[in-house]
Amino acid sequence: MDFLRPTTLDEALAAKAERPGAVPIAGGTDVMVELNFDHRRPEALLDLTGVGELAEWSRSSGSDGEIRLGAGVPYTRVITELGGRLPGLAMASRTVGSPQIRNRGTVGGNLGSASPAGDTHPVLLVTGARVEVASVRGTRLIPATEFYTGVKRNALAPDELVTAVHLPEATGPQQFAKVGTRNAMVIAVCSFALALDPDRAAARAAIGSAAPTPRRAVAAERFLAEELPWGTPGPLRDSLKRRFGELVAEATEPIDDVRGTAAYRRHALAVLARRTLTWAWNDQQERSPSCA
Amino acid sequence: MRSDEPMGGFADDALVPADGEHGAEAFMPTRRTVLVSAGAAAAVTVAAGKGAGGAAWASAAGDTRVRTVGAGESVEVALSVNGQRRTVTVEPRVTLLDALRERLGLTGTKKGCDRGECGACTVLVGGERIKSCLTLAVMRQGAEVTTVEGLASGDELHPVQEAFIRHDAFQCGGCTPGQIMSAVACIDEGHTGSDAEIREWMSGNLCRCAAYQNIVAAVQDAADAGKKVRR
Ligand SMILES: Cc1cc2nc3c(=O)[nH]c(=O)nc-3n(C[C@H](O)[C@H](O)[C@H](O)COP(=O)(O)OP(=O)(O)OC[C@H]3O[C@@H](n4cnc5c(N)ncnc54)[C@H](O)[C@@H]3O)c2cc1C
Ligand code: FES
Ligand code: FES
């Protein structure tokens, strides 16, 4: 196994073009497990930790702020530096692994692995994030909805690297919830993200770990767009929340595995959907007492 | 990796510490082995970078070729371990954990799972807690590493070590070095507001003997002691 240590993005892209078989390593929290257990014997490792450009985030100057989050920014920094602007992503980041994992693990690595159970994916889907990928051929932005192509598969070409994720700043409440076998350090049995967009009277919902890829629950989103009583103060009707939960459960395509059965996942997602909708709606009511 | 693939060659070159001394700042390898991959190019010598300590892979200005260590080859990794400059010669696939234990003889750091789940291998790198089984030594070139061996000063134990003893926060001790390193960081990060907070922020460290109750008490105690000292 060769070890390649670029120090600039140009070097990294040149190396990836020359050796498409080289496996990128950022935080290493997925790659190292595969190496230590010989599940993977890459011909080369491409160490991205020396590439400063990947470890930065910035905010676009426009009024509707967009965050460009470098692929190599670890979760700990997402939480402490971007918790206010990207609340959904920060919530998901807080649930990843343990403090030690969060000090190293990155959103770029989560995208590289593209596990259906990766915690950031549902949030990237509901926030309308775009994944910035680059190669010596150029840069392109892939909507998160088009990034996940199969179980642990993504839209990257062999010579491409994830360089950043572009996320609009939150305009309304965002929620992320996951079910695991204990409170910390667990891979999700299933997970759910929700984002309310009061400006457009719309909402987005997405599920994790309950289908071959993370995916949006489109019918559930449409239902919320039609039914959410934006102008009316007070809590949501139980029947609305229940129907939303059912529609989310219908969007799944879960399997039985060591972490849980398909039936449990469907049930748990309906519960997560109802709860997060309640939290988000209450949050929304507190934010806008005038129009409530 | 095929061994017949055209690779660059090895270049040995002597680096002179930036300020000519071996002080803490002069943290540079005196000798290193670098393989430059330039497609089918032959051996290329990479000029040593001057500049910041630990920049062992620096290339000549304008050289955009990526520094490479070839398959089966070793590279010298210079580390500051517990304040001392140490150098290990390792193959790229050697983890920081194995480098510490097997090359530097620092066996205080334990290997429980080798997959990031147990926390027994927790060390501080640049002051941050990480799992040393999930990082390659070669990725930590120039890093400052603190292991459990580096906490005490002489015979005087670190307050967290003392608190673990006072609270009987272990049985077999297998997880203890990792728990202690994680606790040092947890206190430093300020995540000790309540038992629940400590439990959450110590969740990356498992204890097969289930000494959790006492571990939480020890972390709380050490955090409180630290506050008193600081005031
Ligand atoms: C104990 C433990 C607990 C965990 N818990 C969770 C959890 O709760 N939730 C969760 O989602 N994940 C969890 N994980 C998995 C892992 O931490 C995350 O997927 C993390 O985001 C990976 O990031 P990384 O930087 O460490 O990736 P790496 O391991 O460095 O890389 C992961 C993959 O992405 C590729 N890659 C990395 N960077 C790039 C890039 N810039 N461009 C292209 N490809 C790239 C790599 O080649 C590799 O295939 C856990 C892992 C461990 C060991
Ligand atoms: S040995 Fe590293 S976490 Fe278990
Ligand atoms: S004391 Fe035995 S594993 Fe923790």
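This text walks through a predicted model, from one chain's domains to its sheets, the contact between chains A and B, and a ligand site.

Start with chain A. Chain A is divided into two domains. Domain 1 covers residues 2-168, and domain 2 covers residues 175-287. Taken over C-alpha atoms, the centres of these two domains of chain A are 25 Å apart. A record has something to say about part of this chain. An unreviewed UniProt entry places the feature "domain: FAD-binding PCMH-type" at residues 1-172 of chain A. In the model, residues 1-172 of chain A are 33% helix and 26% strand. The end C-alpha atoms of that span lie 47 Å apart.

How do the two domains of chain A meet? In this contact, 20 residues of domain 1 of chain A touch 23 residues of domain 2 of chain A. On the domain 1 side, α4 (87-94), α7 (120-126) and β8 (148-150) of chain A each supply at least two residues. The largest share comes from α7(A), with 5 residues. What kinds of residue make up this side of domain 1 of chain A? There are 10 nonpolar, 9 polar and 1 charged.

Now look for a sheet in chain A. Strands of a sheet pair through backbone hydrogen bonds, either parallel or antiparallel. Here 5 strands of chain A form an open sheet, in the order β4-β5-β10-β6-β7, and the pairing is antiparallel. Which strands stand at the edges? They are β4 (57-59) and β7 (138-143) of chain A. Each has a single partner strand, so one side of each is left without a neighbour in the sheet. Neighbouring strands of this sheet are turned by 20° against each other on average, direction ignored. Zoom in on one pair. Strand β6 (residues 130-135) of chain A is joined to β10(A) by 5 bridges, in the antiparallel sense. Within that pair, Val133(A) in β6(A) has Val162(A) in β10(A) as its bridge partner.

Move to chain B. An open sheet of 5 strands is found here too, with the order β5-β4-β8-β6-β7. The pairing in this chain B sheet is mixed. Its edges are β5 (84-90) and β7 (128-131) of chain B. Each edge strand has a single partner, so one side of each lacks a neighbour in the sheet. On average, neighbouring strands of this sheet are turned by 40° against each other, direction ignored.

Follow the end of that order. Strand β6 (residues 122-125) of chain B runs antiparallel to β7(B), and 4 bridges join them. Val123(B) stands opposite Ile130(B) of β7(B). The two strands form a hairpin with 2 residues between them. In this hairpin, Gly126(B) takes a positive phi near 55°. A helix covers the same pair of strands. Helix α3 (residues 176-189) of chain B lies across β6 and β7 of chain B. The helix runs at about 40° to β6(B).

Next, bring the chains together. The contact takes 32 residues from chain A and 31 residues from chain B. Several elements of chain A give two or more residues to its side: β1 (2-5), α1 (9-18), α2 (31-36), β3 (44-47) and α5 (99-104). That side of chain A holds 16 nonpolar, 8 polar and 8 charged residues. Strand pairing also crosses from chain to chain. β1(A) pairs with strand β3 (residues 67-69) of chain B in the antiparallel sense, over 3 bridges. One of the partners can be named: Leu4(A) is matched with Thr68(B) in β3(B).

Finally, find ligand 1. Which chains surround ligand 1? Residues from chains A and B do, so the site is shared between chains. The shell has 32 residues. The closest are Gly27(A), Thr29(A), Gly109(A), Gly112(A) and Gly116(B). In chain A, β2 (23-25), α2, α5, α6 (107-113) and β10 (161-168) each supply at least two residues of the shell. α6(A) gives the most, with 5 residues. By type, the shell divides into 14 nonpolar, 14 polar and 4 charged residues. Some elements of chain A have now come up before. α2(A) and α5(A) serve the side of chain A that touches chain B, and they also serve the shell around ligand 1. β10(A) belongs to the sheet of chain A, and β10(A) also lends residues to the shell.

Notes. Residues numbered from 1 in each chain as written. Chains lettered and ligands numbered in written order. Predicted model: local features only at pLDDT ≥ 70, side-chain atom pairs only at ≥ 80, totals over all residues. Contact = placed C-beta atoms within 7 Å. Nonpolar A, V, L, I, M, F, W, Y, C, P; charged D, E, K, R; others polar. Pairing = 2+ DSSP bridges. UniProt positions renumbered as here; feature names shortened; annotations may be inferred. Axes fitted to C-alpha atoms, helices over the stretch in contact; angles between N-to-C directions. Near = placed C-beta within 6 Å. Domains from an automatic or database assignment.
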